[in-house]
Amino acid sequence: MGEVVQFEETVKDYGSKEIGPLTFSVGRGEIVGLLGPNGSGKSTSIRLMLGLIRPSLGRVMLMGLDPLRHHVKALDKVGYSPELANLQAFMTPSEFLELTGGLVGLGRGLLKEQVTKTLEDVGLSAYENYKIGKLSKGMVQRLSVAQAMMGPPSLLVLDEPMIGIDPAGVVHFRSLFRRFVSDGGTIIMSSHILSEVETLCNSLAIIHSGKLVFRGEIEKFIQTALKSRLIEVELQTFPDDLLVEIQGVPGVTRATRMERGYLVEAASGSDPRSEIAKLVVGSGAGLLSIGYSRGELDEAYIAAIKGSEN
Amino acid sequence: MNIGKVRTLAFYELQRTVARKKVLALVILTILVDTIPYYFLSTAGSSSIPLAARPYLWVVGVFLPQAFFLQFIALFISAGSMSEEYEQGTAEILLSKPVSRDEYFLGKFSGGFSLLTLVVVLNAVLSVASSTLTFGPQLSLEILPSVVISQVFSALVFFCAAFMIGELVRRSSLAYIIASAVFFTSQIAGIILGAIFRLTGNEFDHLLDLYLPTSPVNSLPLLVARPSLPSGATSVLQLGGINAIESSVAFSIGLIAVYAIVSLVITRVYFGWADVAKKIS
């Protein structure tokens with residue numbers, strides 16, 4: 001897997017605050033969630049990788065090139081959607097995409113074709129001739145993502161891409177981003193919506209107080225950050241001895257009855273899900289679902305941030 | 001350098017500037033300046049205008065906005081050219097595209113300057129049209145193209161200065177204030193130095209006056225036009241308070257070029273070196 005972004009001992013010194021040194025990389029085909037509290041250095045990292053700001057020390061490589069020295073080549077296949085973008089209110093979505101398409105070097109014929117397709121992709125076809133100033137916040141956000149997709153790029157850098165987008169739009173964007181990655185693209189996405197990151201991303205880069213706290217797979221992060229893990233078991237019926245049997249499975253520290261099943265606490269590092277599933281199926285309780293609790297990333301994130309503060 | 005991208009940015013800058021209401025208001029004001037004086041001259045004061053001067057009254061409309069309105073439009077267009085993009089956060093989007101800093105710089109500059117050129121041309125066309133409609137056929141119009149070119153060229157001083165200030169301070173309101181302050185200070189200093197020189201004959205005051213940024217701006221178009229205009233027309237200009245401080249076309253061109261180049265070099269160097277500022281509004 002080739003690396004599309006590399007931070008090498010990169011430091012940005014703002015005088016009153018220092019971000020870094022950051023050393024990490026992003027491989028082709030990844031969907032990386034860039035996480036961290038406000039002011040932790042996420043936006044600085046994004047701006048460094050796009051060559052918008054200069055590192056004080058170290059370097060950043062984008063597509064194997066220095067984005068400051070070789071800006072045009074390095075950014076040739078990169079799309080960026082900033083957080084709460086202020087797009088030019090006097091333009092229409094079509095005009096704005098024609099502008100950004102022109103800047104990525106699309107010829108006239110291809111430009112029209114891509115504008116139509118991209119507007120369709122983000123669900124803005126019906127608004128192509130509205131002034132941007134008349135669009136809702138969610139529509140502007142869709143347009144911000146659309147302009148990043150002009151080219152098309154092979155790397156998408158998205159700063160809070162789901163802000164202001166309605167639930168149907170979120171689902172639509174998720175599938176759009178997944179399709180983008182399955183077509184060979186890479187996504188770096190900064191977000192505060194951890195459930196969104198958990199759903200969409202396959203790895204994380206967590207920055208806190210300018211330092212990299214974690215870089216790797218989500219699953220590994222949760223295992224590292226949490227002492228124990230929660231497994232949700234959804235059942236049709238509740239046989240008498242099943243709860244006691246589950247409590248006896250190696251790795252299980254506690255199991256409690258919930259309204260629709262059991263909540264099982266397991267020691268981090270152990271994975272008793274298949275054992276539990278076997279027991280449930282054997283008892284005839286009717287297994288509806290089994291899996292780690294969806295809120296684990298939130299807990300792991302908070303634990304990691306607290307841990308890095310101490 | 002990709003000319004297509006420069007053209008795209010220049011066209012965008014042109015659209016963006018026109019969409020700003022304050023620039024549009026100044027353009028409308030210029031149009032009024034070009035039409036209203038002729039209306040009043042034709043209704044109230046036509047008997048006091050010598051017949052010999054009437055075929056040259058187009059000079060009033062062409063030269064009258066030179067000292068103030070055209071320079072003001074120049075600095076209003078360019079002071080926000082870079083700074084507004086930072087304030088709105090659009091610079092971040094545009095500069096994250098595969099566009100070099102040179103292409104962006106040139107696109108923004110040429111887009112704004114094209115609009116200013118259009119305003120100068122509009123001013124000239126309206127002046128000729130208004131004067132022809134009110135006072136009959138106008139003469140010596142063959143010098144109009146060179147006058148327009150000299151006006152466009154002289155507008156470079158405050159256009160480039162405001163462009164530079166906008167990039168350096170990266171706040172549009174502050175850039176307008178500073179650029180306007182520079183302009184007014186220069187104009188007022190010129191008036192004071194001129195008055196002192198006339199009173200005392202002190203050459204140093206005159207020398208200072210010659211090097212003020214407003215001096216070549218006010219003088220060049222007049223120096224270009226004067227040799228081809230009859231005395232009747234130049235006396236009309238003098239009555240309107242339109243005088244040349246400089247005496248040499250070459251010196252004026254040189255001084256304008258120096259002011260413009262210095263401003264542009266500072267802007268380009270700073271733009272290449274500084275970080276792209278984050279959105280502030």
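**Entry 1: A:Asp166 and its partner**

I started with A:Asp166, and it is partly exposed, at a relative accessible area of 40%. For this label I use a 1.4 Å probe on protein chains only: under 20% relative accessible area is buried, over 50% is exposed, and anything in between is partly exposed.

Before going on, some notes to self. This is a predicted model, where local features need pLDDT of at least 70 and side-chain atom pairs count only at pLDDT 80 or more, while totals for chains, interfaces and linings use all residues. Residues are numbered from 1 along each chain as its sequence is written, chains are lettered from A and ligands numbered from 1 in the order in which they are written, and side-chain values use heavy atoms, leaving out hydrogens and water.

Which residue does A:Asp166 form a salt bridge with? I found A:Arg142, with the closest N and O atoms 3.5 Å apart. (A salt bridge here is a side-chain nitrogen of Lys or Arg within 4 Å of a carboxyl oxygen of Asp or Glu.) The pair links distant parts of the chain, 24 residues apart: A:Asp166 sits in the loop between strand 6 (155-159) and helix 6 (167-182) of chain A, and A:Arg142 is in helix 5 of chain A. Helices (H or I, at least four residues) and strands (E, at least two) are DSSP runs, numbered from the N terminus. Unlike its partly exposed partner, A:Arg142 is buried, at 12% relative accessible area.

**Entry 2: a pair within one helix**

Next I looked up A:Lys278, whose side chain meets that of A:Glu275 in a salt bridge (3.7 Å, N to O). Both residues lie in helix 10 (residues 273-283) of chain A, three residues apart, which is about one turn of the helix. A:Lys278 is exposed, with a relative accessible area of 57%, and A:Glu275 is partly exposed at 37%.

**Entry 3: a buried pair in chain B**

Over in chain B, I checked B:Lys108 and B:Glu85, which form a salt bridge with their closest N and O atoms 2.5 Å apart. B:Lys108 lies in helix 6 (residues 101-135) of chain B and B:Glu85 in helix 4 (residues 69-88), so the pair ties together parts that are 23 residues apart in sequence. Are these two buried or exposed? B:Lys108 is buried at 0% relative accessible area, and B:Glu85 also counts as buried, at 0%. I then followed shared partners: salt bridges join B:Glu13, B:Arg16, B:Arg20, B:Glu84, B:Glu85 and B:Lys108 into one network. For the whole structure, my search gave 22 salt bridges over all chains.

**Entry 4: where the chains touch**

How many residues does each chain bring to the contact? I noted 32 from chain A and 28 from chain B, with contact meaning heavy atoms within 4.5 Å. The two chains bury about 2,600 Å² between them, and 58% of it is on carbon and sulfur atoms. (Buried area is the accessible area, with a 1.4 Å probe, that two parts lose on being put together, summed over both.) On the chain A side, A:Leu52, A:Asn86 and A:Leu103 supply 25% of the area buried against chain B, more than any other three residues.

I counted two salt bridges between chain A and chain B. One of them joins the side chains of A:Arg47 and B:Glu92 (2.3 Å, N to O). Which elements give two or more residues to the side of chain A that touches chain B? They are helix 1 (42-49), helix 2 (71-74), strand 5 (78-81), helix 3 (93-103) and helix 5 (137-148) of chain A. Helix 3 gives the largest share, five residues.

**Entry 5: aromatic rings**

I ended with rings: the structure holds 24 aromatic pairs over all chains. (Rings of Phe, Tyr and Trp, the last by its six-membered ring, pair if their centres lie within 6.5 Å; planes under 30 degrees apart are stacked, over 60 edge-to-face, and the rest tilted.) The rings of B:Phe109 and B:Phe113 have centres 5.9 Å apart and planes at 10°, so this pair is stacked. The two are four residues apart in helix 6 of chain B, about one helical turn. B:Phe109 is buried at 14% relative accessible area, and B:Phe113 counts as buried at 15%.

B:Phe109 also pairs with B:Phe159, edge-to-face this time, at 5.2 Å centre to centre and 80° between the planes. B:Phe159 lies in helix 8 (residues 156-169) of chain B and B:Phe109 in helix 6, so the pair ties together parts 50 residues apart in sequence. My last note is one aromatic cluster formed by B:Phe68, B:Phe72, B:Phe76, B:Phe158, B:Tyr176, B:Phe183 and B:Phe184.
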